[in-house]
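I opened this one at the bench computer and wrote down things as I looked them up. My notes follow in the order I made them.

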Amino acid sequence: QVQLVESGGGLVQAGGSLRLSCAASGSTFNMRTMGWFRQAPGKEREFVAAIKWGGGTLYYVDSVKGRFTISRDNAQNTVYLQMNSLKPEDTAVYYCAADRRPFYWSTNYYKTDFDSWGQGTQVTVSS
């Protein structure tokens with residue numbers, strides 16, 4: 001398994017930006033697709049973005065396309081989520097996660113596809 005720790009959340013005004021980081025430990029990090037999910041109060045945890053193990057292929061949920069960018073640095077065992085043009089509806093706890101299937105890629109992800117999760121970082125966007 002991969003151990004994950006998120007950071008970078010905070011309070012920002014609508015239209016602002018934040019950059020989330022996810023530091024990973026474990027020997028299989030660079031074999032795994034990595035994802036970001038978010039969970040707003042009273043709602044289900046939803047998929048936000050994914051990046052292939054080599055970093056060359058990305059996938060986003062429609063609501064964040066053009067505003068969020070996922071990236072990874074395998075030398076630093078870190079995944080990032082750059083969030084621009086933030087909206088109040090982006091308010092949630094954001095989690096990074098590692099796909100449980102090494103060298104697997106899909107464009108249809110569910111939280112059950114991931115077996116390693118961080119503790120989450122709160123993002124609050126004020127209007």
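**Element order.** I read the elements off from the N terminus and got β-β-β-β-β-β-β-β-β-β-β. That comes to eleven strands and zero helices. Note to self: this is a predicted model.

**Overall dimensions.** I checked the radius of gyration next. The chain has 13 Å, which agrees with the value near 14 Å for a compact globule of 127 residues. The C-alpha trace spans about 40 × 25 × 25 Å along its principal axes. I also looked up burial, and 43% of the 127 residues count as buried. The chain exposes about 6,200 Å², with 48% of that supplied by carbon and sulfur atoms. For contacts with a separation of 6 or more, 59% are between residues 24 or more positions apart.

**The four-stranded sheet.** In what order do the strands of the open sheet of four lie? I traced β1-β3-β8-β7, with antiparallel pairing. The edge strands are β1 (3-7) and β7 (68-73), each of which pairs on one side only. From one strand to the next, the twist averages 15°.

**β1 with β3.** I counted five bridges between β1 and β3 (residues 18-25), in the antiparallel sense. To fix the register, I noted that S7 stands opposite S21 in β3.

**β7 with β8.** Here the antiparallel pairing runs over six bridges. D73 stands opposite T78 in β8. The two strands form a hairpin, with four residues between them. Which residue in the turn has a positive phi? I found N77, at about 50°.

**Faces of β7.** Which side chains of β7 point to the buried face? F68, I70 and R72 do, and they are buried, while T69, S71 and D73 point to the other face and are not. I jotted down the textbook rule beside this: in a regular strand, side chains alternate between the two faces of the sheet. R72 is the entry I underlined, as an arginine listed among the buried ones.

**Cores.** I then went through the nonpolar cores. The largest has 27 residues, and those with the most contacts inside it are W36, F68, I70, V79, L81, M83 and Y94. At least two residues of this core come from each of β3, β4 (34-39), β5 (46-51), β7, β8 (78-83), β9 (92-99) and β11 (121-126). Another core, of six residues, lies apart from it and includes F47, A50, A97 and Y109. As background, nonpolar side chains tend to be buried together in soluble globular proteins.

**I70 up close.** I listed what I70 touches, leaving aside its neighbours within four places in sequence. Its contacts are M34, W36, A49, A50, I51, L58, Y60, V79, Y80 and L81.

**L18.** This residue is found in strand β3. Is L18 buried or exposed? Its relative accessibility is 15%, so L18 counts as buried, the cut-off being under 20%. Beyond its neighbours within four places in sequence, L18 is in contact with G8, G9, G10, V12, L81, Q82, M83, L86 and V123. I also took its C-alpha distance to F68: the two are 9.7 Å apart in space and 50 residues apart in sequence.

Terms used:
Residues are numbered from 1 along each chain as its sequence is written. This is a predicted model: local features need pLDDT of at least 70, side-chain atom pairs count only at pLDDT 80 or more; totals for chains, interfaces and linings use all residues. Side-chain values use heavy atoms; hydrogens and water are left out. Two strands pair if DSSP finds at least two bridges between them. Axes are lines fitted to C-alpha atoms, for helices over the stretch in contact, and angles run from 0 to 180 degrees between N-to-C directions. A nonpolar core is a set of buried Ala, Val, Leu, Ile, Met, Phe, Trp, Tyr and Cys residues joined through side-chain atoms within 4.5 Å. Buried means under 20% relative accessible area, exposed over 50%, partly exposed in between (1.4 Å probe, protein chains only). Contact means heavy atoms within 4.5 Å. The radius of gyration is taken over C-alpha atoms; the globule rule is 2.2 Å times the number of residues to the power 0.38. Accessible areas come from the Shrake-Rupley method with a 1.4 Å probe; for residues, only the protein chains shown count as cover.
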